[in-house]
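Visitor: I have a sequence and a fold to look at, and I would like to know what stands behind the words people use for them. Could you take me through it?

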Amino acid sequence: MRRIVFVASVFAMAGAGAAPSVSDVCITPASRIGTYEIGYTLSARAVVTADILTNGVSIGAARFSTYEGDVFKLVEPGRRGFFWRMRKDWPDQKVAVQAKLTAWLPGAAPDYMVIDLKVRPGARMFYP
């Protein structure tokens, strides 16, 4: 029997002015097998990024590519969330994972911005 334990943690990047914060992070299995919903509350408009860790170490961005929802982009405040297809990104793993969410001020977003020219023209995604 496979057991996957989820623990959520929250971080906010400081910058000029009051830093937005992420709270009430929860990870729950979604209706699709192997898919998990990561929900959170955002205090102010911010770019939200995520990382998945196991034993406090990042599993790497390459392992976190099948997400949908309010992550890696500019997000409005309130209760938000996104889905992660863990079984597709990281098949046959039986380890505990932790979601690390970071809220960035819109004027101090992460170093990399990707603009989609094909699938969702004009969509901007941000990556640390």
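Guide: Gladly! Let's begin with pLDDT, which is the predictor's confidence in each residue, from 0 to 100. Helices are DSSP runs of H or I with at least four residues, strands are runs of E with at least two, and both are numbered from the N terminus. Among the elements here, strand β1 (residues 6–12) has the lowest mean pLDDT, 44, and strand β7 (residues 73–75) has the highest, 94.

Visitor: How do you know that residues 1–16 call for care?

Guide: Over residues 1–16 the pLDDT is below 50, on a scale from 0 to 100. The stretch still has 45 contacts in the model beyond near neighbours in sequence, a contact being heavy atoms within 4.5 Å. Where pLDDT is low, the predicted coordinates should not be read in detail. For the protein overall, the average pLDDT is 80, and 83% of the residues score at least 70.

Guide: A word on ground rules. This is a predicted model, in which local features need pLDDT of at least 70 and side-chain atom pairs count only at pLDDT 80 or more, while totals for chains, interfaces and linings use all residues. Residues are numbered from 1 along each chain as its sequence is written, and side-chain values use heavy atoms, leaving out hydrogens and water.

Visitor: Which elements does the protein contain?

Guide: The DSSP runs come to 1 helix and 11 strands. From the N terminus on, their order is β-β-β-β-β-β-β-β-α-β-β-β.

Visitor: What makes β3 and β8 a pair?

Guide: Two strands pair if DSSP finds at least two bridges between them. Strand β3 (residues 35–42) and strand β8 (residues 78–85) are joined by 8 bridges and run antiparallel, so they meet that definition. E37, for one, has F83 in β8 as its bridge partner.

Visitor: Why are β2 and β6 said to stand at the edges?

Guide: The open sheet has 4 strands in the order β2-β3-β8-β6, with antiparallel pairing. β2 (22–29) and β6 each have a single partner strand, so one side of each is left without a neighbour in the sheet. From one strand to the next, the twist averages 20 degrees. β2 is joined to β3 by 6 bridges, with V22 opposite L42. Strand β6 (residues 67–69) has 3 bridges to β8, and Y67 stands opposite W84 there.

Visitor: What share of the residues counts as buried?

Guide: Of the 128 residues, 36% count as buried, meaning under 20% relative accessible area with a 1.4 Å probe and protein chains only.

Terms used:
Buried < 20%, exposed > 50% of the residue type's maximum accessible area, 1.4 Å probe, protein only. Axes fitted to C-alpha atoms, helices over the stretch in contact; angles between N-to-C directions.
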